[in-house]
Structure formats: structure tokens, C-alpha cells
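Work through the exercises below with the sequence and the model side by side, and try each task before reading its solution.

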Amino acid sequence: MVPFNYYVILSLLLFLIGLLGVLFRRNLIILLVSLEIMMNALIILFAGISHYTKDVTGYLIVFFLIGMAAAEAGVGLSLVVLLYKKLKKVYADEINYFRG
């Protein structure tokens with residue numbers, strides 16, 4: 001049986017990796033992947049908490065987060081594809097089309 005601390009450490013590491021990706025990368029696809037990594041860190045944490053407390057609420061939150069992550073990925077990727085088709089750019093710093 002895996003100790004609870006390992007779930008917390010893994011989710012913390014994944015969250016930090018995602019946070020660093022969001023803060024320091026400007027490619028829109030990498031930003032979306034970093035957000036997904038952060039969301040997966042939360043999913044692992046809620047699953048671990050639910051497993052050790054024997055409470056179903058954490059699993060329900062996990063299913064909600066998985067659905068939300070899928071919707072976020074779909075909408076985000078479609079926006080990135082539309083921006084690329086229109087501007088031929090995927091870097092957030094280069095996109096100043098909507099600034100007026």
C-alpha cells in the first residue's frame with residue numbers, strides 16, 4: 001500500500017511542473033499542456049485523499065475534474081487552432097491582434 005505522503009509529494013511535484021510551464025513558457029500549446037498537468041495533480045491529490053478517508057466525495061470531485069479537463073482541452077485546442085489559422089502564430093507574446 002502506497003503511503004499518503006507519496007500522493008501528496010507526487011501531486012505537489014506535478015503541480016509545480018505545471019506552474020513553471022505556465023509561468024515561463026509562451027507557446028500556447030505548452031500552456032495548455034501545463035494546465036492539464038496542474039489539473040492532473042489535483043486529480044491525484046483528490047483521489048489519494050478519497051482513498052485514505054474512505055469517502056466517495058473525493059472520487060466525485062475527480063470525475064468532475066476529469067470532465068472539466070477534457071472540456072478545457074477541447075476548447076483550448078480549438079482556440080489555438082483558430083488562432084494559428086488566422087495569425088500563423090502560437091506564441092502568446094507575438095499575438096497582439098486583439099489589443100486594438
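Three exercises with worked solutions follow.

This is a predicted model, in which local features need pLDDT of at least 70 and side-chain atom pairs count only at pLDDT 80 or more, while totals for chains, interfaces and linings use all residues. Residues are numbered from 1 along each chain as its sequence is written, and side-chain values use heavy atoms, with hydrogens and water left out.

**Exercise 1.** Compare the expected span of helix H1 with the distance between its end C-alpha atoms.

*Solution.* Helices are DSSP runs of H or I with at least four residues, numbered from the N terminus. The expected span is 1.5 Å times one less than the number of residues, so the 21 residues of H1 (residues 4-24) should span 30 Å. The end C-alpha atoms are 30 Å apart, which agrees.

**Exercise 2.** Find which residues of H1 are buried, and what they pack against.

*Solution.* Buried means under 20% relative accessible area, exposed over 50%, and partly exposed in between, with a 1.4 Å probe and protein chains only. Ser11, Gly18 and Gly21 are buried. They cover an arc of only 85 degrees around the axis (taken from the directions from the axis to the C-beta atoms), which puts them on the same side of H1. The buried residues of H1 pack against helix H2 (28-53), where contact means heavy atoms within 4.5 Å. On the other side of H1, Asn5, Leu12 and Phe24 are exposed.

**Exercise 3.** Is Phe63 buried or exposed?

*Solution.* Phe63 lies in helix H3 (residues 57-87), and its relative accessible area of 59% makes it exposed.

Key
Helix = DSSP H or I, 4+ residues; strand = E, 2+ residues; numbered from the N terminus.
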